[in-house]
Amino acid sequence: MRVLRPVLAVGFLALTAGPVFAQARYATVEIRAGYTEPLGTAKDSLKGQSSFGAGAAIALADRLHLALSVDWAHHSQKPVIGGINDKQWNVVHTFLKASYSVVQEGRWTVGLNAGPGIMVFSPNQVLRDALGVRTDVHFAVNAGATITWWFVDRIGIMASPQMDMAFKKTSGQYFKTNSATMFPITGGFQFKI
């Protein structure tokens, strides 16, 4: 988790410095929940399950934003046992993203985003005891979209389909030979501050 500290520090500094340099611009904060579906190699060994997330962004220009996004999901390892003996991976997705609003009309905004980050795969105790695996941190990239309907001036309902790819790590415990692709589909609320 030490890797998260510098990412969070950069995001915090960017959020606090942004409004100073861009007085007419705004920042946003969002909370999300949904479902994360593993794709490709990850689908062979992990079951898709619920996910939760939050993010913050600052406006660098009228349509360009810089954002820090964090999502958490847990995935049962196949075959799924269920109950207290279920072998699960807790996966944290953390990304620094650039977002461009391709649509800003009326109460609707549609933004496309991409950026680098990390994905942390952490086994639960049942999985640690059964296989002796430990936490792995993988470099990752993100691409996706955010669709927001601003039902009042500063509060919007959002949908956020994303694609996160954790690169293989030959020295790791998991995904040694192939990349892991996850597809979080979340929705929630976005707030202008």
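1. Glycine 53 stands opposite aspartate 71 in strand 3, and this pair is a good place to begin reading the model, which is a predicted one. Strand 2 covers residues 49–59 and strand 3 covers residues 64–76, and the two strands run antiparallel, joined by 9 bridges. The connection between strand 2 and strand 3 is a hairpin of 4 residues, which you can follow by eye along the chain.

2. Strand 3 also pairs with strand 4, again in an antiparallel manner, and here 13 bridges join the two. Within this pairing, histidine 65 is found opposite serine 99 in strand 4. Histidine 65 deserves a second look, since His65 is also among the residues that lie nearest the centre of the largest pocket.

3. Phenylalanine 95 is a residue of strand 4. Is phenylalanine 95 buried or exposed? Its relative accessible area is 2%, and because buried means under 20%, phenylalanine 95 counts as buried. Its contacts beyond four places in sequence include Ala67, Leu68 and Ser69, together with Gly115, Pro116, Gly117 and Met119, and also Ala140, Val141, Asn142 and Asp164. Phenylalanine 95 and phenylalanine 139 are 44 residues apart in sequence, while their C-alpha atoms are 10.0 Å apart in space.

4. The largest pocket has a volume of about 490 Å³, and its lining is made up of 32 residues, with Thr28, His65, Ser101, Thr109 and Gln190 lying nearest its centre. Which strands supply at least two residues each to this lining? Strands 1, 2, 3, 4, 5, 6, 7 and 8 each do so, from strand 1 at residues 27–39 to strand 8 at residues 180–192. By residue type, the lining divides into 16 polar, 9 nonpolar and 7 charged residues.

5. Stepping back to the whole protein chain, there are 3 helices and 8 strands, and from the N terminus on, these elements follow the order α-β-α-β-β-β-β-α-β-β-β. A reader tracing the chain will therefore meet a helix before strand 1 and another between strand 1 and strand 2, given that strands are numbered from the N terminus.

6. Some totals for the chain complete the picture. Of the 193 residues in the protein chain, 43% are buried. Among contacts with a separation of 6 or more, 60% are between residues 24 or more positions apart. The accessible surface of the protein chain comes to about 9,900 Å², and carbon and sulfur atoms account for 66% of this surface.

How values were computed:
Residues are numbered from 1 along each chain as its sequence is written. This is a predicted model: local features need pLDDT of at least 70, side-chain atom pairs count only at pLDDT 80 or more; totals for chains, interfaces and linings use all residues. Side-chain values use heavy atoms; hydrogens and water are left out. On a 1 Å grid over the protein atoms alone, a cavity is a set of points where a 1.4 Å probe fits but cannot get out, and a pocket is an open set with protein on both sides within 12 Å along at least five of seven lines; lining residues have an atom within 4 Å of a point. Grid points are joined across faces, edges and corners, and a volume is the space filled by probe spheres set on the points. Ala, Val, Leu, Ile, Met, Phe, Trp, Tyr, Cys and Pro count as nonpolar, Asp, Glu, Lys and Arg as charged, and the others, Gly among them, as polar. Buried means under 20% relative accessible area, exposed over 50%, partly exposed in between (1.4 Å probe, protein chains only). Contact means heavy atoms within 4.5 Å. Accessible areas come from the Shrake-Rupley method with a 1.4 Å probe; for residues, only the protein chains shown count as cover. Two strands pair if DSSP finds at least two bridges between them.
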